[in-house]
Amino acid sequence: MAKTTTDTVQQFKALREEILAGVIKPFYLLFGKEHYYLDELCRLLQERVVPAEQRDFGQLVYYGADVSASQVVSAARQFPMMVERQLVMVKEAQMMRKVEEIGVYFEGVQPTTVLVVCYKTNNDPTRTGRNIDKRSSFYKQAAKVGVVFESNPVPDYRVARWIDGYLAEEGLSIAPDAAALLAEYAGSDLQKIVLAVDKLRKVLPEGRTHITAPDIEDNVGMSRDYSAFELTKALSLKDAAKAFRIAAFFADSPKRFPIQMTMAALTSHFLRLLRFHALLQAGESRAEILSHLGINPYFAGEYDTAIRNYPIKKTMRVISLLKEYDQRSKSNTRGEATDGDLLKELTAKILA
């Protein structure tokens, strides 16, 4: 049976443990927008299905642009030569024409074959791309004969928590402000986070396992003083001098700090404040709200101040302003204003 939970992180961990324990299913359909988990599962299956000394005979790896569905099915139905079990893997399956035609294989699954189809859905919002149709016969049959895993992106408000968990598995820890900086640097791109952590591991002094904000500043290229994280904090605390200083710095470096990325960070922050207000009104405790919204208790004081500075009506007004300025930044309604001018004007209106 396929795993059906929508929690990508937990589903990945459960699937990884199965594979490490030697519980291998005859078919895997791995797809979705978060490519890190797809790559990790493919790597793990390549390591575990066929022993290293047998891979010359028992492992076939195709790429979607270079193979047809009929070729994949033909390879999967062959009996393995000189090995007990073979792995047939299709990477970049989104490049195949009519990938769903692999579904004819389900009419006669070869018990000595493990067939893996890895289909990466486009995660760039500016581009379109096909996705696996969950209503299709191909998807439904895949769920019956093997494992279907959909890899969804980690929501932006959970990225810092994901970083904590990932580092814990790696035997490392990270300060909350450092995790926030790293999350801002990478967004929800988990592969980018993993690469940054690998880099940090190599430069940490021997024996040190704790990552601090200066480590991120020195080795990743983010600044505690000038970041979207610090701008949202300054706005939350109504620290006008700091907010205007950061906005001016961003205005002078539009390529490094594009207004759309800053607007996205501000919108995410104020939407979280609105949800905070809603959960308070629903009677949830402060601890429950922090957990529900993925807010590290280290930042609880900032949010306590923010909800006092921005009551519900004011929070909604800020969200309306953000929507207005986002539209202006993408159209000719801005007149002669630069992106920097818009950001400084927006900052003033939020603080008003």
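**Internal cavity**

A search of the whole structure, which is a predicted model, finds 1 cavity of 30 Å³ or more. The volume of the largest cavity is about 60 Å³. Its lining is made up of F250, A251, P254, F257, P258, I259, D339, G340 and L343. Two or more residues of this lining come from each of the elements α11 (240–252) and α16 (339–351).

The greatest contribution to the lining of the largest cavity is that of α16, with 3 residues. Sorted by class, the lining of the largest cavity holds 7 nonpolar residues, 1 polar residue and 1 charged residue. The charged residue is D339 and the polar one is G340.

**S227 and its surroundings**

S227 is placed in the loop that lies between α9 (213–219) and α10 (228–236). Is this residue, S227, buried or exposed? With a relative accessible area of 0%, S227 is buried, because the term applies to values under 20%.

Apart from neighbours within four places in sequence, the residues in contact with S227 are L181, E184, M222, I246 and F250. One of these, F250, also belongs to the lining of the largest cavity. The loop residue S227 thus touches a residue of the cavity lining, F250.

**Strands β2 and β3**

Strand β2 (residues 59–63) and strand β3 run parallel and are joined by 5 bridges. Within this pairing, L60 has V88 of β3 as its bridge partner.

Strand β3 spans residues 86–91 and is mostly covered. Of its 6 residues, 5 are buried. As a general point, side chains in a regular strand alternate between the two faces of the sheet.

**K120 in strand β4**

K120 is part of strand β4, which covers residues 113–120. How is the side chain of K120 joined to that of D39? The two side chains, of K120 and D39, form a polar contact of 2.8 Å.

The relative accessible area of K120 is 15%. This value is under the 20% cut-off, and K120 is therefore classed as buried. When neighbours within four places in sequence are left aside, K120 is in contact with G32, H35, L38, D39, E92 and Q94. D39 thus appears both among these contacts of K120 and as its partner in the polar contact.

Key: Residues are numbered from 1 along each chain as its sequence is written. This is a predicted model: local features need pLDDT of at least 70, side-chain atom pairs count only at pLDDT 80 or more; totals for chains, interfaces and linings use all residues. Side-chain values use heavy atoms; hydrogens and water are left out. On a 1 Å grid over the protein atoms alone, a cavity is a set of points where a 1.4 Å probe fits but cannot get out, and a pocket is an open set with protein on both sides within 12 Å along at least five of seven lines; lining residues have an atom within 4 Å of a point. Grid points are joined across faces, edges and corners, and a volume is the space filled by probe spheres set on the points. Helices (H or I, at least four residues) and strands (E, at least two) are DSSP runs, numbered from the N terminus. Buried means under 20% relative accessible area, exposed over 50%, partly exposed in between (1.4 Å probe, protein chains only). A polar contact is a pair of N or O atoms within 3.5 Å; within protein, one must be able to donate a hydrogen and the other to accept it, and residues adjacent in sequence count only if both atoms are side-chain atoms. Contact means heavy atoms within 4.5 Å. Two strands pair if DSSP finds at least two bridges between them.
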